[in-house]
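Colleague: Please take a close look at disulfide bonding for me. Set it against the rest of the chain as you go.

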Amino acid sequence: ENTLAPACPVSEPEWIKPPDDPAVQGSPADGYYFVNQDRSIWASAWWTGEAASFLRANEAGIKVGWFRPAGATLAITGRRTDGEAPPLAAHVPCCYPTRFQATGLFFPTEGCWEVTAQAGESELSFVVKVEP
């Protein structure tokens, strides 16, 4: 039986200049970001437009830079939307005092993943396609 896999409604990041932040060296350069409606949470989508796919299911994970309300605790969750899988694992190190926050995201399987970040009263969700 040949059934087409459901399409993955991948979120389109914006090409935009990120917020100025003392934790980031140099002036901010334009880049691809997922941004929520009130512009309080930003997630770098640095892999956008690259020929190679950096979103892979592996133990190395990927580094993602975020901007969130300064000092707010960033909580990141993720779930696969097109099949069964363990949840996304996120490494969010402590104590970034400014808006910038570096993280590591680890996708346990390939597929279509919805990533949700919460900080303070703010939330950002986006969908990415993870390769094997």
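Modeller: The chain exposes about 7,700 Å². Carbon and sulfur atoms supply 52% of that area. Please keep in mind that this is a predicted model. Of the 132 residues, 41% are buried.

First, the frame that holds the cysteines. The chain has nine strands and zero helices. Its elements therefore read β-β-β-β-β-β-β-β-β from the N terminus on. The radius of gyration is 15 Å, close to the 14 Å of the globule rule for 132 residues, so the chain is as compact as a globular protein of that length. The C-alpha trace spans about 55 × 30 × 25 Å along its principal axes. Take the contacts between residues at least 6 apart in sequence: 58% of them join residues at least 24 apart.

Now the disulfides. A search of the whole structure finds two. Counting bonded cysteines along the chain, the pattern is 1-4, 2-3.

Start with Cys-8 and Cys-112. A disulfide joins them, with S to S at 2.1 Å. The link is right-handed, with 80° about the S-S bond. Cys-8 sits in the segment before β1 (14–16), and Cys-112 sits in strand β8 (residues 111–119), so the bond ties together parts that are 104 residues apart in sequence. Both cysteines are buried.

The other disulfide joins Cys-94 to Cys-95. Here the S to S distance is 1.7 Å. Is Cys-94 buried or exposed? Cys-94 is exposed, because its relative accessible area is 58% and the cut-off for exposed is over 50%. Cys-95 counts as exposed too, at 64% relative accessibility. Cys-95 lies in the loop between β6 (89–91) and β7 (100–106). The phi of Cys-95 is near 75°, a positive value in a residue other than glycine.

Positive phi turns up elsewhere. Arg-39, again not a glycine, has a phi near 65°. Arg-39 is in the loop between β2 (31–35) and β3 (42–44). With 36% relative accessibility, Arg-39 counts as partly exposed.

Back to β8, the strand that carries Cys-112. β8 runs antiparallel to β9, and nine bridges join the two. They form a hairpin with two residues between them. Gly-120, in the turn, has a positive phi of about 60°. Trp-113 stands opposite Val-128 in β9.

Val-128 leads on to the nonpolar interior. The largest nonpolar core has 23 residues. Trp-66, Phe-107 and Val-128 have the most contacts inside this core. Elements giving two or more residues to the core are β4 (62–67), β5 (74–80), β8 and β9 (122–130). Which residues does Phe-107 touch, beyond those up to four places away in sequence? Phe-107 touches Leu-55, Arg-56, Ala-57, Asn-58, Ile-62, Leu-88, Trp-113, Val-115, Val-128 and Val-130. So Trp-113 and Val-128, the pair across the hairpin, are both among the contacts of Phe-107.

Another core lies apart from this one. This other core has seven residues, among them Ile-16, Trp-42, Phe-67 and Phe-100. Pro-18 is in contact with Trp-42 and Phe-67. Further contacts of Pro-18 include Pro-28, Ala-29, Asp-30 and Tyr-33, with neighbours within four places in sequence left aside. Pro-18 is in the loop between β1 and β2. Pro-18 counts as buried, because its relative accessibility is 8% and the cut-off for buried is under 20%. Leu-55, one of the residues that Phe-107 touches, is 37 residues from Pro-18 along the chain. The C-alpha atoms of Pro-18 and Leu-55 are separated by 22 Å.

To return to your request: the disulfide of Cys-8 and Cys-112 has both its cysteines buried. The disulfide of Cys-94 and Cys-95 has Cys-94 exposed and Cys-95 exposed.

Methods. Residues numbered from 1 in each chain as written. Predicted model: local features only at pLDDT ≥ 70, side-chain atom pairs only at ≥ 80, totals over all residues. Heavy atoms only, no water. Disulfide = S-S within 2.5 Å. Helix = DSSP H or I, 4+ residues; strand = E, 2+ residues; numbered from the N terminus. Buried < 20%, exposed > 50% of the residue type's maximum accessible area, 1.4 Å probe, protein only. Core = buried A, V, L, I, M, F, W, Y, C linked by side-chain atoms within 4.5 Å. Contact = heavy atoms within 4.5 Å. Rg over C-alpha atoms; globule rule 2.2 N^0.38 Å. Areas by Shrake-Rupley, 256 points an atom, 1.4 Å probe, with all protein chains shown as cover. Pairing = 2+ DSSP bridges.
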